[in-house]
Amino acid sequence: MAGPRVEVDGGIMEGGGQILRVSTALSCLLGLPLRVQKIRAGRSTPGLSSVGWKSKIRVLVRPQHLSGLEMVRDLCDGQLEGAEIGSTEIMFTPEKIKGGTHTADTKTAGSVCLLMQVSMPCVLFAASPSELRLKGGTNAEMAPQIDYTAMVFKPIVEKFGFTFNCDIKMRGYYPKGGGEVIVRMSPVKQLNPINLTDRGSVTKIYGRAFVAGVLPFKVAKDMAAAAVRCIRKEIRDLYVNIQPVQEPKDQAFGNGSGIIIIAETSTGCLFAGSSLGKRGVNADKVGIEAAEVLLANLRHGGAVDEYLQDQLIIFMALASGISRIKTGPVTLHTQTAIHFAEQLAKAKFTVKKSEDEEDASKDTYIIECQGIGMTNPNL
């Protein structure tokens with residue numbers, strides 16, 4: 001199976017975690033031996049460390065990249081060298097992707113959602129159904145919250161022609177983690193291309209504001225009320241339904257709070273804004289931050305929000321045919337994912353300013369991809 005090693009520069013663009021996730025997943029899928037060098041050279045701490053999602057905090061959970069790399073290695077009985085904390089270079093030699101039960105544990109509040117991002121494309125092309133047991137943070141900084149994954153990512157990514165089940169067994173928060181999510185999915189022969197270019201009009205806004213552990217329920221109510229007030233200033237004609245939730249003691253480990261708000265459109269597009277509570281930050285402020293992120297995502301005219309963009313790239317690259325998504329400003333994460341999907345999978349992407357009249361005054365783009373039509377050799 002092994003051919004010449006593909007050389008990847010881990011220090012360019014977004015650097016670090018995201019390059020490792022995209023390149024090892026593609027290496028595993030395509031059977032390409034890989035060497036990633038200069039890992040996180042662009043960040044303040046070189047070497048394997050945290051996974052930057054919004055790159056606000058430089059270093060958060062060091063072991064987290066490792067659990068993702070080890071998971072991909074185990075999914076395909078591959079060989080992994082140099083995968084230790086502080087390493088600036090890894091070598092990965094993939095073998096055949098297998099189904100069955102796979103466990104990954106960040107041992108910290110490292111994000112289970114990022115573990116899902118690296119493993120999901122791989123197990124779609126396994127020989128049999130898979131169960132992924134992912135342990136760590138479910139609602140952690142610098143990564144999508146599990147509610148985003150379940151309520152936004154899942155229904156949209158399933159348009160590629162597969163389904164998965166996401167069972168939240170236990171929620172875990174920063175700094176302890178302790179959460180567990182079980183993802184079950186069956187393999188596919190091929191992925192269908194998607195077209196997400198017609199945004200439609202917003203028909204529903206809903207969400208959940210949660211507290212867990214020792215935090216008082218009033219915090220959840222305050223986050224929800226502040227978010228509703230903020231959205232009403234801009235969108236007056238829709239009922240905004242944000243449920244305050246006290247997470248049950250047996251379903252949440254440690255203390256945490258946060259909010260996610262979702263807007264749904266007439267064409268089935270989904271957008272979100274979310275925020276996590278932090279020590280010393282007033283609950284109203286957390287609710288308003290989530291509302292403002294959602295409203296910003298509704299202003300740009302795109303059909304996907306800024307967090308979905310980069311998560312769809314690998315699926316577009318693997319699909320059979322031409323996929324198109326309309327987005328707001330193209331994020332660095334998305335540019336990074338496109339770069340490596342082109343380098344490793346040889347998919348062809350174009351990013352152009354949207355030419356639709358209604359987008360003329362907005363920062364709106366069409367990302368188009370001619371996918372490689374990956375087929376599952378096992379089916």
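Trainee: What distance separates the centres of domain 1 and domain 2, taken over C-alpha atoms?

Mentor: In this predicted model, the two centres lie 25 Å apart. The domain assignment gives domain 1 as 6-43 + 57-196 + 305-372 and domain 2 as 202-300.

Trainee: How many residues does the contact take from domain 1 and from domain 2?

Mentor: Contact requires heavy atoms within 4.5 Å. By that criterion, domain 1 contributes 28 residues and domain 2 contributes 27 residues. About 2100 Å² is buried between the two domains, with carbon and sulfur atoms giving 61% of that area. On the side of domain 1, Q145, M151 and Y173 supply 27% of the area buried against domain 2, more than any other three residues.

Trainee: Why is the pair E141 and K278 called a salt bridge?

Mentor: The definition asks for a side-chain nitrogen of Lys or Arg within 4 Å of a carboxyl oxygen of Asp or Glu. The closest N and O atoms of E141 and K278 are 3.2 Å apart, and the pair therefore meets that limit. Between domain 1 and domain 2, the count is three salt bridges.

Trainee: How do you know where the largest pocket lies with respect to domain 1 and domain 2?

Mentor: Both domains give residues to its lining, so the largest pocket lies between them. The pocket holds about 620 Å³ of space. Its lining has 25 residues, and Y174, N255, G277, K278 and R279 are the closest to its centre. β13 (256-265) and α6 (283-299) each supply at least two lining residues.

Trainee: What classes of residue make up that lining?

Mentor: The lining has 14 nonpolar, seven polar and four charged residues.

Note on methods:
Residues numbered from 1 in each chain as written. Predicted model: local features only at pLDDT ≥ 70, side-chain atom pairs only at ≥ 80, totals over all residues. Heavy atoms only, no water. 1 Å grid on protein atoms, 1.4 Å probe; cavity = no way out; pocket = protein on both sides within 12 Å on 5 of 7 lines; lining within 4 Å. Points joined across faces, edges and corners; volume = space filled by probe spheres on them. Helix = DSSP H or I, 4+ residues; strand = E, 2+ residues; numbered from the N terminus. Nonpolar A, V, L, I, M, F, W, Y, C, P; charged D, E, K, R; others polar. Domains from an automatic or database assignment. Buried area = accessible area lost by both parts, 1.4 Å probe.
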